[in-house]
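Biologist: I should like to go through the assignments for this structure one at a time. Please give the criterion behind each.

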Amino acid sequence: QAMAQPRCDSRARPRAPAGPSPMKMAKVLLALGCAVAGVGLAGAEESSPLRKVVELLSGLQQNVIGQGEEAQKIYHEFAEACEDRARELHHEIKTTKAKVEELKAIINEETAKDMAMTSKIEELASSQADDEAEL
């Protein structure tokens, strides 16, 4: 089964998968298997069904361990992707803030130029009006 990966939220810290640890489950199953095997050592005929139980438990143990390893691998991939995205966002924020400051400086410079040109236009218009009045 493919596990759906949640969206990476740069504010959230990745967490380990919930539920009992696959390793703990495997240890419990192994202990149970050993106990069952120990009880059934009385005779070869009697231990046949018990051996089957032990074999089934051993198979189940391997399955649980495999699923736990797969879940851990997926978790690590997801956590790494979140960390990478957080680094990318941090870099983007840093460069964007620098760009904002640069653009603010350009706006201030252009505003000053605009005011100087407006003043110059008013001066020239006044001079032209004076020149026209003299004619």
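**Surface and charge pairing**

Modeller: This is a predicted model. The protein chain has an accessible surface of about 11400 Å², and carbon and sulfur atoms contribute 59% of that area. Of its 135 residues, 12% count as buried. The chain holds two helices and zero strands.

Biologist: What share of the contacts with a separation of 6 or more comes from residues 24 or more positions apart?

Modeller: Such residues account for 77% of those contacts in the protein chain.

Biologist: Why is the pair D84 and R87 called a salt bridge?

Modeller: The closest N and O atoms of D84 and R87 are 2.3 Å apart. The cut-off is 4 Å between a side-chain nitrogen of Lys or Arg and a carboxyl oxygen of Asp or Glu, so the pair qualifies. Both residues lie in helix α2, three residues apart, which is about one turn of the helix.

Biologist: How do you know whether D84 and R87 are buried or exposed?

Modeller: D84 has a relative accessibility of 30%; this falls between the limits of 20% and 50%, and D84 is therefore partly exposed. R87 reaches 51%, which is over 50%, so R87 is exposed.

Biologist: What makes K99 and E102 a salt bridge?

Modeller: Their side chains meet at 3.9 Å, N to O. That value is within 4 Å, so the pair is counted. K99 and E102 also lie in helix α2, three residues apart, about one turn of the helix. With relative accessible areas of 41% for K99 and 42% for E102, each is partly exposed because its value lies between 20% and 50%.

Biologist: Why are R85 and E92 counted as a salt bridge, and which residues form the network around them?

Modeller: The N to O value for R85 and E92 is 3.7 Å, which is within 4 Å, so the pair meets the criterion. R85, E88 and E92 are linked in a network of salt bridges. R85 is partly exposed at 35% relative accessibility, and E92 is partly exposed at 39%.

Biologist: How many salt bridges does the rule give?

Modeller: The count comes to six. In general, side chains of opposite charge can pair when their charged atoms come close.

Biologist: What makes E70, E77, E80 and E83 a negative surface patch?

Modeller: Glu counts as negative, so the four residues carry like charges. Patch members need over 30% relative accessible area and no salt bridge, and like charges are joined within 9 Å; E70, E77, E80 and E83 are therefore grouped as one patch. One of them, E80, lies in helix α2, which spans residues 44-134.

Key. Residues numbered from 1 in each chain as written. Predicted model: local features only at pLDDT ≥ 70, side-chain atom pairs only at ≥ 80, totals over all residues. Heavy atoms only, no water. Helix = DSSP H or I, 4+ residues; strand = E, 2+ residues; numbered from the N terminus. Buried < 20%, exposed > 50% of the residue type's maximum accessible area, 1.4 Å probe, protein only. Contact = heavy atoms within 4.5 Å. Areas by Shrake-Rupley, 256 points an atom, 1.4 Å probe, with all protein chains shown as cover. Patch = residues over 30% accessible without salt bridge, like charges linked within 9 Å, V, L, I, M, F, W, Y side chains within 5 Å. Charge placed at Lys NZ, Arg CZ, Asp CG, Glu CD.
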